[in-house]
Amino acid sequence: MRKITVIGTGYVGLVSGTCFAEVGNRVICCDVDRNKIERLRRGEIPIYEPGLEELVAKNMQQERLYFTSEVGEAIEASDIIYIAVGTPMSDTGEADMRYVMSAAKKIGEHLNNRKIIVNKSTVPVGTAELVREVVQANKKYPWITFDVVSNPEFLREGSAISDCMNMDRAVIGSDNAEAAKVIAELHAPFNTRIFTTDLESAEMIKYAANTFLATKISFINAIANVCERVGANVIDVAEGMGLDSRIGNKFLQAGIGYGGSCFPKDTYALAHIADKAGYDFELLKSVIKTNQRQRFIIMDKLRESVGGLAGKQVAVLGLAFKPNTDDMRYAPSLSIIPELLKQGASVRAFDPIAVESARRELPHEVQYFKSVEQAVAGSDVCVILTEWKDVLDMDLDLIRQIMKHPIVIDGRNCFDLQTMQRSGFEYHSIGRASVNAAGRDRHSVNF
Ligand SMILES: NC(=O)c1ccc[n+]([C@@H]2O[C@H](COP(=O)([O-])OP(=O)(O)OC[C@H]3O[C@@H](n4cnc5c(N)ncnc54)[C@H](O)[C@@H]3O)[C@@H](O)[C@H]2O)c1
Ligand SMILES: O=c1ccn([C@@H]2O[C@H](COP(=O)(O)OP(=O)(O)O[C@H]3O[C@H](CO)[C@@H](O)[C@H](O)[C@H]3O)[C@@H](O)[C@H]2O)c(=O)[nH]1
């Protein structure tokens with residue numbers, strides 16, 4: 001049993017702290033956001049993550065997991081201090097390091113015995129050294145020593161607990177073998193492989209992994225755009241490519257591009273890191289540009305299928321950046337919906353989970369509905385932005401009957417072409433021919 005304090009109770013702090021408690025450690029999760037801590041103490045989970053509420057409740061009950069807004073006291077009470085605060089995108093595109101630096105200062109001020117300080121936030125290469133300097137500069141008792149370790153997080157929202165419990169690998173960067181061993185042992189109960197390296201490489205692995213996955217997505221989206229023009233089907237193309245074990249079949253789902261709290265900011269951050277280091281990372285800049293354009297393909301398809309949007313009722317299915325989360329950070333809906341409104345459309349939105357967070361981000365004109373059917377009833381066109389189960393399972397016959405015009409623009413390739421054609425829809429998706437009730441047609445039908 002180790003005594004661990006996790007600073008920051010966002011997605012990463014809350015999930016990883018709970019998982020460390022679940023495998024038998026005593027964990028204190030702390031945050032400067034008092035309101036968040038009060039809610040957590042009452043058992044209210046501020047994010048939507050399947051299974052998390054039950055796991056937090058169980059570990060609180062078994063007195064392994066605690067929440068506090070007294071960050072200093074929480075630091076003093078543990079030997080291992082995880083930094084899991086946000087590193088959002090700054091106005092210039094770089095990682096905003098102010099939260100990491102303030103956490104490091106606090107650790108220095110409350111360093112009451114020898115501790116291992118572990119950085120879990122996604123941070124630019126060189127941050128471990130910066131954290132070391134800030135802790136050192138703020139130490140109350142100059143004789144107390146400490147180690148800094150990098151242990152980046154790889155969980156995905158929506159499957160965060162199982163990702164944490166069964167990680168492909170735990171990356172541990174350190175310049176002290178003893179400290180690395182302690183952090184490696186902490187991961188022994190998890191179903192994972194330990195990979196140890198130096199601090200700088202560990203920090204780089206996190207950015208390299210995320211930007212590589214983002215590159216796969218932009219690549220398949222670019223292939224999809226070519227497929228549409230030459231009459232190929234991107235789903236078959238991705239499957240055929242993925243059968244080559246060197247390529248693999250994951251992260252080849254074409255659509256309206258990546259969003260979320262990580263890929264957009266981490267691609268920008270690495271491009272900046274490279275620029276600062278004197279390397280023009282052109283490939284990565286193209287990945288970002290391809291992704292920015294991809295979401296607006298929805299607008300091109302709307303223009304082709306329904307013409308002008310003034311006075312049209314557009315049903316938008318899915319607001320979160322992906323299913324099984326209420327996270328709206330950099331969700332494609334945040335770019336597409338304002339554009340629909342600007343062009344004079346009325347927006348009838350549905351999302352099973354993200355409506356509360358969406359209301360804070362989207363223009364007030366958006367109307368929200370509690371089901372797919374209510375959102376699409378009477379609409380001129382339906383746009384799919386997130387592949388929620390409610391969308392994949394929708395009753396196509398009923399939807400066709402209740403829409404004013406049975407036109408679907410699918411940004412996530414939820415349905416196969418034959419099904420949509422048989423069900424009587426005009427259907428436009430990504431990287432595939434458009435179909436209508438009369439047959440396959442690369443140039444879709446206007447009404
Ligand atoms: N969200 C993900 O899926 C994910 C996955 C892997 C890695 N990451 C990385 O992990 C880090 C955290 O991400 P997140 O999404 O959990 O962040 P978040 O912004 O949702 O939450 C961060 C929390 O830290 C708190 N905080 C900020 N400064 C603090 C301080 N000085 N002391 C105590 N608390 C403080 C904030 O109040 C907030 O509750 C980021 O670097 C992110 O890139 C995120
Ligand atoms: O084939 C694909 C796969 C994903 N996406 C999109 O890519 C984005 C990110 O998806 P995903 O990776 O599943 O979600 P995140 O929760 O953002 O997780 C990523 O970002 C985290 C934060 O760094 C990392 O820890 C994870 O390993 C990494 O997968 C979403 O908008 C998806 O719709 C696609 O368009 N096509």
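These legends walk through several close-up views of one predicted model. Residues are counted from 1 along each chain as its sequence is written, while chains get letters from A and ligands get numbers from 1, in the order in which they are written. Since the model is predicted, local features need pLDDT of at least 70 and side-chain atom pairs count only at pLDDT 80 or more, though totals for chains, interfaces and linings use all residues.

**View 1. The three domains of the protein.** The domain assignment splits the protein into domain 1 (3-196), domain 2 (206-293) and domain 3 (295-441); such bounds come from an automatic or database domain assignment. The centres of domain 1 and domain 3, taken over C-alpha atoms, are 39 Å apart. Even so, 5 residues of domain 1 are in contact with 7 residues of domain 3 (contact means that the C-beta atoms of two residues, placed from the backbone, lie within 7 Å). On the domain 1 side that touches domain 3, you'll find 3 nonpolar, 1 polar and 1 charged residues. Here Ala, Val, Leu, Ile, Met, Phe, Trp, Tyr, Cys and Pro count as nonpolar, Asp, Glu, Lys and Arg as charged, and the others, Gly among them, as polar.

**View 2. The surroundings of ligand 1.** There are 27 residues around ligand 1, and Gly8, Gly10, Gly86, Ser121 and Thr122 come nearest (a residue is near a molecule or strand if its C-beta atom, placed from the backbone, lies within 6 Å of it). Helix 1 (11-22) and helix 5 are the elements that give two or more residues to this shell. Helices here are DSSP runs of H or I with at least four residues, strands are runs of E with at least two, and both are numbered from the N terminus. Sorted by class, the shell around ligand 1 has 12 nonpolar, 10 polar and 5 charged residues.

**View 3. Ligand 2, with two domains around it.** Domain 1 (3-196) and domain 2 (206-293) both give residues to the shell around ligand 2, so ligand 2 lies between them. Of its 20 surrounding residues, Glu157, Gln253, Tyr258, Gly260 and Cys262 come nearest. Helix 9 (residues 199-230) gives the most to this shell, with 3 residues. The shell around ligand 2 holds 10 nonpolar, 6 polar and 4 charged residues.

**View 4. Helix 5 against helix 6.** Helix 5 (residues 98-109) and helix 6 (residues 127-137) pack at about 40°, and their axes are 7 Å apart. Axes are lines fitted to C-alpha atoms, for helices over the stretch in contact, and angles run from 0 to 180 degrees between N-to-C directions. That angle makes helix 5 oblique to helix 6 (under 35 degrees counts as roughly parallel, over 145 as roughly antiparallel, 65 to 115 as roughly perpendicular and the rest as oblique). From helix 5, Val100, Met101, Ala104, Lys105, Ile107 and Gly108 meet Thr127, Val131, Val134, Val135, Gln136 and Ala137 of helix 6. This contact is made up of 8 nonpolar, 3 polar and 1 charged residues.

**View 5. Helix 11 beside helix 12.** The axes of helix 11 (residues 263-276) and helix 12 (residues 282-294) come within 10 Å and cross at roughly 150°. That makes helix 11 roughly antiparallel to helix 12. Look for Thr267, Tyr268, Leu270 and Ala271 of helix 11 touching Leu284, Lys285, Val287 and Ile288 of helix 12.
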